[in-house]
Each structure stands twice: as C-alpha cells, then as structure tokens.
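Me: I'd like a close look at one part of this protein, with enough of its surroundings to see how that part fits in. Please walk me through it in one go.

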Amino acid sequence: MANVNDFGIKGAVHTYTQWLVTSAGTVLIKSGVGRLRGVFVSSVGASPYLEFYDSTGASSGTIARFIPAAATFYQFGDPVMFSSGLYISGGTTNFTAIYY
C-alpha cells in the first residue's frame, strides 16, 4: 500500500505533506518533530545548494548539505528525522520538500 510505514506500530498510516519553495528558497518547513522523506528539485540557478537544519533557523543543527541538479528527485531511503524543526536553505534552488 502506498505511503504506509508501520515503524513498529500496526496499522499506522502516514500522510506526506509537500511544501513548494520558489526562487531563492530559504524557509522554515516545520516546527517540532518530523521526518523528511525526500526533495524534488525543479530548477537551479547560478549558485545552487540545499542545506538542511534540525532547527527553526539556519543558526545550528546542520543535517546535510549538497549541490543538487535540476529536475531530480532525491529520495531518502530512511526518512531523515528532525526534532527541533526542519529549516531548509536553498540558495538559488527551487524545490519541493516531502515530509511528515
């Protein structure tokens, strides 16, 4: 069944939320606990990057940073867990984050 992960809990169904960020994408996606499932990069500009923080701002808690390619879906095999919040800085990257 699509979008089902039991994580040790029988019958648990997770609904994924999508957040579209345009232009110079830097945004607080979610406050509090959650899981990042993947990111679709629709386009990139002159200085593309994606940096993920377990925080409500870009001050601390860096999870990962990489240089993305346009028209690419980056799916994380195991969801990336965050506890304080999910903040993404994207430079000149347009992306859609899939999280729950």
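Among contacts in the protein between residues at least 6 apart in sequence, what percentage join residues at least 24 apart? With that as a starting point, please take me through strand β6 (residues 85-99) and what surrounds it.

Reply: Happy to. The answer to your opening question is 76%: that is the share of contacts joining residues at least 24 apart, among those between residues at least 6 apart in sequence. Please keep in mind that this is a predicted model.

Some background before we zoom in. The protein averages a pLDDT of 81, and 79% of the residues score at least 70. Residues 1-10 are a stretch to treat with care, with pLDDT below 50 there and 14 contacts in the model beyond near neighbours in sequence. Where pLDDT is low, the predicted coordinates should not be read in detail. As for the fold, there are six strands and zero helices, so the order from the N terminus on is simply β-β-β-β-β-β. Of the 100 residues in the protein, 40% are buried. The exposed surface comes to about 5500 Å², with carbon and sulfur atoms supplying 56% of that area.

Now to your strand. In β6, 14 of the 15 residues are buried, so the strand is largely enclosed by the rest of the structure. Two of its pairings help to show what is around it. Strand β3 (residues 34-54) pairs with β6 in the antiparallel sense over 12 bridges; Tyr53, for instance, has Tyr87 as its bridge partner in β6. Strand β2 (residues 26-31) also pairs with β6 in the antiparallel sense, here over five bridges, and Val27 finds its bridge partner in Ile88 of β6.

Let's go along the strand by residue, beginning with Leu86, which is found in β6. Leu86 has a relative accessible area of 0%, so it counts as buried. Leaving out residues up to four places away in sequence, Leu86 touches Val27, Leu28, Ile29, Lys30, Leu36, Tyr53 and Ser55. Another way to see how the chain brings distant parts together is to pair Leu86 with Arg35: they are 51 residues apart in sequence, while their C-alpha atoms are 8.6 Å apart in space.

Further along β6 comes Thr93. Thr93 is buried too, with a relative accessible area of 0%. The side chain of Thr93 reaches the backbone oxygen of Tyr49 at 3.2 Å, so this pair falls within the 3.5 Å cut-off for a polar contact.

At Tyr99, another part of the chain comes into view. Tyr99 and Thr17 are 82 residues apart in sequence, yet 5.4 Å separate them in space, C-alpha to C-alpha. Thr17 lies in strand β1 (residues 17-21), and, not counting residues up to four places away in sequence, it touches Ala97, Ile98 and Tyr99. Thr17 itself counts as partly exposed, at 33% relative accessibility.

What does β6 share with the interior? The largest nonpolar core has 14 residues, and those with the most contacts inside it are Ile29, Leu36, Val39, Leu50, Ile88 and Phe95. The elements giving two or more residues to this core are β2, β3, β5 (72-82) and β6. Leu36 is a good residue to click on next. Not counting residues up to four places away in sequence, Leu36 touches Phe52, Phe76, Pro79, Val80, Phe82, Leu86, Ala97, Ile98 and Tyr99.

From β3, the pairing carries on to other strands. β3 and β5 pair in the antiparallel sense over seven bridges, and the bridge partner of Phe40 in β5 is Phe73. Four bridges join β3 to β4, and these strands run antiparallel as well; there, Phe52 has Ala64 as its bridge partner in β4.

One last stop, for contrast with the buried residues of β6, is Ala71, in the loop between β4 (62-66) and β5. Ala71 counts as exposed, at 60% relative accessibility. Its backbone deserves a glance as well: phi of Ala71 is near 55°, a positive value in a residue other than glycine. Most residues other than glycine have a negative phi.

To put your strand back in place: β6 has 14 of its 15 residues buried, pairs with β3 over 12 bridges and with β2 over five, and is among the elements that give two or more residues to the largest nonpolar core.

Terms used: Residues are numbered from 1 along each chain as its sequence is written. This is a predicted model: local features need pLDDT of at least 70, side-chain atom pairs count only at pLDDT 80 or more; totals for chains, interfaces and linings use all residues. Side-chain values use heavy atoms; hydrogens and water are left out. Buried means under 20% relative accessible area, exposed over 50%, partly exposed in between (1.4 Å probe, protein chains only). Two strands pair if DSSP finds at least two bridges between them. pLDDT is the predictor's confidence in each residue, from 0 to 100. Contact means heavy atoms within 4.5 Å. Accessible areas come from the Shrake-Rupley method with a 1.4 Å probe; for residues, only the protein chains shown count as cover. A nonpolar core is a set of buried Ala, Val, Leu, Ile, Met, Phe, Trp, Tyr and Cys residues joined through side-chain atoms within 4.5 Å. A polar contact is a pair of N or O atoms within 3.5 Å; within protein, one must be able to donate a hydrogen and the other to accept it, and residues adjacent in sequence count only if both atoms are side-chain atoms.
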